[in-house]
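Q: I'm new to this structure and would love a close look at one part of it. Could you walk me through the nonpolar core and the helices around it?

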Amino acid sequence: MPDPAARAVADLPPSSVAPDTRLRDLARLRRVRDRIDREYAQPLDVEALAAGVAMSAGHLSRQFRLAYGESVYAYLMTRRIERAMALLRRGDLSVTEICFEVGCASLGTFSTRFTELVGVPPSVYRRDAAGEAQGLPSCVAKQVTRPIRNREAPEKASS
């Protein structure tokens, strides 16, 4: 499956961006994404990420959204929520401990974003999902339990 960043940069009209610039931006975007994947628990912001790849924050934000379909912040929060889901399934830490473990500074923001992506609050997820991935290899469990990206979780049907 081709990288979405490569597709997005390739879809730009050739006259609008020089080939060298397109390839350089693509490499920078991949470095930013890889850094977020590695350092999701660290305090990261767009300005610091942009400085790390010698881009302006505005240019990074626009290009990242174009390439990956979501903002830098949304991508970072998705990584944090994925890790939080794994820690909640493990069950040995409190929701507050998990919030700080994955790099969130605010329990309220963490809980709100978790609920938007997963569809239930962290405490409910822990209670209901403890056995959800039991017996599955970790690589499969990660795929099955991945939070919804680029949109909010569908609302639960009323009974």
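**A look inside the core**

A: Happy to! A good place to start is F114 in this predicted model. Setting aside neighbours within four places in sequence, F114 is in contact with I81, A84, M85, L88, G119, V120, P121, P122 and Y125.

From there we can step back to the largest nonpolar core, which has 33 residues. F114 is among the members that touch the most others, together with I36, L60, V102 and F110. Several helices feed this core: α2 (19–39), α3 (46–52), α4 (57–68), α5 (72–90), α6 (95–101), α7 (107–118) and α8 (122–129) each supply at least two of its residues. The biggest giver is α5, with nine residues. As a general background, nonpolar side chains in soluble globular proteins tend to be buried together.

Now follow two of those contributors, α2 and α4. Their axes come within 10 Å and cross at roughly 90 degrees, so α2 and α4 are roughly perpendicular to each other. On the α2 side, the meeting residues are D25, L29, R30, V32 and R33; on the α4 side, they are H59, L60, Q63, F64, A67 and Y68. The residues of this contact divide into six nonpolar, two polar and three charged. L60 appears here and also among the core members with the most contacts to other members.

Finally, look at E39, also found in α2. Because its relative accessibility is 25%, E39 counts as partly exposed. The C-alpha atoms of E39 and R80 are separated by 9.8 Å, with their positions 41 residues apart along the chain.

Terms used:
Residues are numbered from 1 along each chain as its sequence is written. This is a predicted model: local features need pLDDT of at least 70, side-chain atom pairs count only at pLDDT 80 or more; totals for chains, interfaces and linings use all residues. Side-chain values use heavy atoms; hydrogens and water are left out. A nonpolar core is a set of buried Ala, Val, Leu, Ile, Met, Phe, Trp, Tyr and Cys residues joined through side-chain atoms within 4.5 Å. Buried means under 20% relative accessible area, exposed over 50%, partly exposed in between (1.4 Å probe, protein chains only). Helices (H or I, at least four residues) and strands (E, at least two) are DSSP runs, numbered from the N terminus. Contact means heavy atoms within 4.5 Å. Axes are lines fitted to C-alpha atoms, for helices over the stretch in contact, and angles run from 0 to 180 degrees between N-to-C directions. Angles under 35 degrees count as roughly parallel, over 145 as roughly antiparallel, 65 to 115 as roughly perpendicular and the rest as oblique. Ala, Val, Leu, Ile, Met, Phe, Trp, Tyr, Cys and Pro count as nonpolar, Asp, Glu, Lys and Arg as charged, and the others, Gly among them, as polar.
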